[in-house]
Amino acid sequence: MSTVLITGASRGIGAQCALTFAREGYDVALNYCRSEEKARELVREIEALGVRACAVQADVADSAQVKQMFDTVRAELGAIDVLVNNAGIAHVGLLTDMTDDEWRRVIDTDLSGTFYCCREALSDMIRAHSGVIVNIASMWGEVGASCEAAYSAAKAGVIGLTKALAKEVGPSGVRVNAVSPGVVMTDMMAGFSDEDVAALKDDTPLTSLGSPEDIADAVIFLASEKARFITGQVLSVNGGMVI
Ligand code: NAP
């Protein structure tokens, strides 16, 4: 039996990843920051599938909270075999209007949060000479988005971190990959108008936007034995929007 820790698993892509891993028989640790009730509901839904689950509160931007979260998960579910770094926030606006705090919040959550969680997970994985990390990047980290400079920079950083870490820990038996979603209909898209969404669909060769399931299926593939010779890669799941 394997255990997965998924950050930002109370809603959206992370919540779907939790369900997908549970259906494959994984015990699931769900991290949340603010949405406690949603995380607890999902724990109940996952336990009904016959696997173990726990919800752990932590702000991934805070390294002390991340350390505490890993200690709690190890105590409740044992060693972590798979880490999915999914927690993330976006900020839309002109760079010239962005405050220091807004910039830092995006970088601290999306990039430093990924670093803190990788660092905690790797101590066990390297000792066990096995483990998988899947980082959730974004197509904007590949090509850059106008008015999302901090988000694009953070996600480009996640891609660089993924590649560097894959080289560093491959000899220790640990694989590190990224899934890079295109536009996926979650709360993160709430600020977009119907016209914006229609325009995004028009720009997508497969003519639809992504679902959380589309992303979770790619994540569980990279975590699986079927991906045993894949490391340091960025799997773009975007309907062809960025090729
Ligand atoms: P979402 O629906 O807004 O959900 C975000 C999740 O991240 C929530 O569970 C939230 O937890 C958690 N979170 C936010 N800040 C956190 C923090 N500081 N510490 C711990 N958890 C935190 O977003 P989503 O669309 O599912 O996005 C998931 C990932 O996919 C993100 O990394 C995002 O950048 C990436 N992505 C999304 C899209 C898209 O179109 N949706 C495209 C490309 C990449 P609480 O609610 O508990 O606070």
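Which residues line the second largest pocket? They are Ser2, Tyr26, Asp81, Val82, Ser130, Gly131, Val132, Arg175, Ala223, Ser224 and Glu225. Here a pocket is an open set of points on a 1 Å grid over the protein atoms alone, with protein on both sides within 12 Å along at least five of seven lines, and lining residues have an atom within 4 Å of a point.

Before going on, please keep in mind that this is a predicted model, where local features need pLDDT of at least 70 and side-chain atom pairs count only at pLDDT 80 or more, while totals for chains, interfaces and linings use all residues. Residues are numbered from 1 along each chain as its sequence is written, and side-chain values use heavy atoms, with hydrogens and water left out.

**The ligand and its pocket**

The ligand takes up the space of the largest pocket; a molecule sits in a pocket if more than half of its atoms lie within 2 Å of the grid points. Around the ligand there are 33 residues, and Ser10, Ser35, Asn86, Tyr151 and Thr186 come nearest. To be near, a residue needs a heavy atom within 4 Å of the molecule.

Three polar contacts (pairs of N or O atoms within 3.5 Å) are worth a look. Lys155 has a side-chain N or O atom 2.8 Å from an oxygen atom of the ligand. Val184 uses a polar backbone atom, placed 2.8 Å from a ligand oxygen. For Arg105, a polar side-chain atom lies 3.4 Å from a nitrogen atom of the ligand. On its own the ligand has 900 Å² of accessible area, and the protein covers 96% of it; such areas come from the Shrake-Rupley method with a 1.4 Å probe.

Helix 1 (12–23), strand 2 (27–32), helix 4 (100–128) and helix 6 (149–169) are the elements that give two or more residues to the shell around the ligand. Helices (H or I, at least four residues) and strands (E, at least two) are DSSP runs, numbered from the N terminus. In the lining of the largest pocket, helix 1 gives the most, with three residues. Of the 44 lining residues, Gly88, Ile89, Ala90, Thr186 and Met188 are closest to the pocket centre.

**Comparing the spaces**

The search also finds one cavity of 30 Å³ or more in the whole structure. A cavity is a set of grid points where a 1.4 Å probe fits but cannot get out.

| Space | Volume | Nonpolar | Polar | Charged |
|---|---|---|---|---|
| Largest pocket | about 1000 Å³ | 22 residues | 15 residues | seven residues |
| Second largest pocket | about 170 Å³ | four residues | four residues | three residues |
| Largest cavity | about 30 Å³ | three residues | six residues | no residues |

Each volume is the space filled by probe spheres set on the points. Ala, Val, Leu, Ile, Met, Phe, Trp, Tyr, Cys and Pro count as nonpolar, Asp, Glu, Lys and Arg as charged, and the others as polar.

The largest cavity is lined by Thr7, Val60, Asn85, Asn86, Ala87, Thr109, Gly113, Thr114 and Cys117. Helix 4 supplies the largest share of that lining, four residues.

How values were computed:
Polar contact = N/O pair within 3.5 Å; in protein donor to acceptor, adjacent residues only side chain to side chain.
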